[in-house]
Amino acid sequence: MAMKQPVADFLVVGAGVIGLATALELRRGGARVVVLEAGRVGRKASWAGGGLLFPLLPWDYPDTVTRLALYSLSLFPGWAEEWAAASGIDPECLESGLLLLPPYDEAKSLAWCRDRGIAAEPVSSRARAPGLADDGPGLWLPQVRQVRNPRLLQALRQSARHAGIEIIEQTPVTGWQTHGNRVAAALTATGALAAGKFVICAGAWSAALFSRLGAAPPITPVRGQMLLFKLEAGALSTMVVREQTYLIPRADGHLLAGSTLEHAGFDEAPTLAGRWDLLERAQALLPVLTEERLVNHWAGLRPGSPGNLPIIGPHPALSNLFINGGHFRYGVTMAPGSARLLASLALGQNCPLDPEPYRWRMAP
Ligand SMILES: Cc1cc2nc3c(=O)[nH]c(=O)nc-3n(C[C@H](O)[C@H](O)[C@H](O)COP(=O)(O)OP(=O)(O)OC[C@H]3O[C@@H](n4cnc5c(N)ncnc54)[C@H](O)[C@@H]3O)c2cc1C
């Protein structure tokens, strides 16, 4: 196979929210960047997700997970605004707040929020969100944001183009060429693409790409299904979470209900069982969510990782290969922070937070 001359300083594999955010941060650092995408830009997990910008019950996660999430959230409003301005596409990054319904540990959640300067207040749930089935106590987190993730992906794509990043679609990486402890080129059906450094951001498909280079990171697909309803605009003004069920109202009256957590391999098809399960759970929260209001149903594959801890940094053996992956349930939330961390490691700059917890360690 003919090897082309280096096309770029960095070749990023995968154009989901993590790949695009990473490409833009590398570009900001002055690098020439090419992105290779197996299908179309931003059509996998990053499109399928809900865009709730906060971990569900964050006080139940290890500090390493929430530290990255909170760092990323501190960047999010300015980051989203930057790409909205660069692209002319508004991703609707809105502070719509989050109402948490029982069961939850009130003392633990209030202490966690207080220690991190996050506003949280016990409220009566129906006073905060009229129309809910239950009128019990709730915890109101007014600063929690959402983003309309399909639009965010469009904004990132346009911004990348304007920044001079070349995005090559419908071109899966099928293998690698290596020389000693370096990757020389990514192999595709149309030829080999050489670059100075490589970053794999292939979401749920990342492990297969690495396994061709020896060890694979512990990233596995976890299917999540989602329902989309259409109500009148303003019918629900805040996001609502009860255990593993959440409602995310968009500004125009569309409302997302999620989600399921299923180990079904790489099968991305939504199921009837998933649809009825979600419909029942959504209706139990907000009775107006009837089947007549349902307008769409889909599934996506999350890049599942042990403990929801992403892997960000260099390959343990190949010196010019990096990974930014395994963000599991919070890849949209963690995108700006993870991209900044990866870019600082790959460009040899100071890290914005301690990279150690996210480093890929080979199993002994
Ligand atoms: C139902 C659901 C709800 C969710 N809700 C939320 C939420 O509310 N908030 C939140 O923060 N997160 C949420 N998530 C999680 C979030 O969507 C993911 O963590 C995030 O999208 C992962 O981004 P990614 O770029 O790593 O993966 P992806 O978006 O899957 O992108 C990976 C890309 O790599 C490409 N690729 C794969 N193999 C190759 C190859 N060989 N060559 C080239 N390209 C390749 C794929 O085609 C794909 O485009 C949700 C996910 C799901 C499924």
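In this predicted model, Cys201 is buried, its relative accessible area being 5%. Cys201 takes part in no disulfide, and the nearest cysteine sulfur, which belongs to Cys351, lies 16 Å away. Seen from the other residue, the closest cysteine sulfur to that of Cys351 is the one in Cys201, and the 16 Å between them is too far for a bond, given that a disulfide requires the two sulfur atoms to be within 2.5 Å. Cys351 itself counts as partly exposed, at 29% relative accessibility. By this criterion the structure holds zero disulfides.

Salt bridges, by contrast, are present, and a search of the whole structure finds 22 of them. One of these joins the side chains of Arg293 and Glu232, with an N to O distance of 3.4 Å. This pair links distant parts of the chain, as Arg293 sits in the loop between α8 (272–285) and β16 (294–304), while Glu232 sits in the loop between β12 (220–230) and β13 (239–242), 61 residues apart. With a relative accessibility of 26%, Arg293 counts as partly exposed, whereas Glu232, at 51%, counts as exposed.

A salt bridge is also found within helix α8, where Arg281 and Asp277 have their closest N and O atoms 2.8 Å apart. Because Arg281 and Asp277 are four residues apart in α8, about one helical turn separates them. An α-helix has 3.6 residues a turn, so residues three or four places apart point the same way. Asp277 has a relative accessibility of 30% and is therefore classed as partly exposed.

In a further salt bridge, the side chains of Arg359 and Glu356 meet at 3.0 Å, N to O. Both residues of this pair are classed as partly exposed, Arg359 at 27% relative accessibility and Glu356 with a relative accessible area of 37%. Elsewhere, salt bridges that share partners join Glu25, Arg28, Glu82 and Arg340 into one network.

Helix α6 comprises residues 149–162, and its 14 residues, at 1.5 Å a residue, should span 20 Å, which agrees with the 20 Å found between its end C-alpha atoms. The buried residues in α6 are Asn149, Leu152, Leu153, Ala155, Leu156, Ser159 and Ala160. These residues cover an arc of only 160° around the axis, and they therefore lie on the same side of α6. Among the elements that cover the buried residues of α6 are the helices α1 (17–28), α2 (45–48) and α3 (63–87), together with the strand β8 (166–168). Just after α6, Gly164 adopts a positive phi of about 90°.

A positive phi also appears in the hairpin formed by β9 and β10, where two residues stand between the strands and Gly180 has a phi near 60°. The strands of this hairpin, β9 (residues 175–179) and β10 (residues 182–188), run antiparallel and are joined by five bridges. In one of the pairings between them, His179 has Arg182 of β10 as its bridge partner. In a regular strand the side chains alternate between the two faces of the sheet.

How values were computed:
Residues are numbered from 1 along each chain as its sequence is written. This is a predicted model: local features need pLDDT of at least 70, side-chain atom pairs count only at pLDDT 80 or more; totals for chains, interfaces and linings use all residues. Side-chain values use heavy atoms; hydrogens and water are left out. A salt bridge is a side-chain nitrogen of Lys or Arg within 4 Å of a carboxyl oxygen of Asp or Glu. Buried means under 20% relative accessible area, exposed over 50%, partly exposed in between (1.4 Å probe, protein chains only). Two strands pair if DSSP finds at least two bridges between them. The expected span of a helix is 1.5 Å times one less than its number of residues. The arc is that of the directions from the helix axis to the C-beta atoms. Contact means heavy atoms within 4.5 Å.
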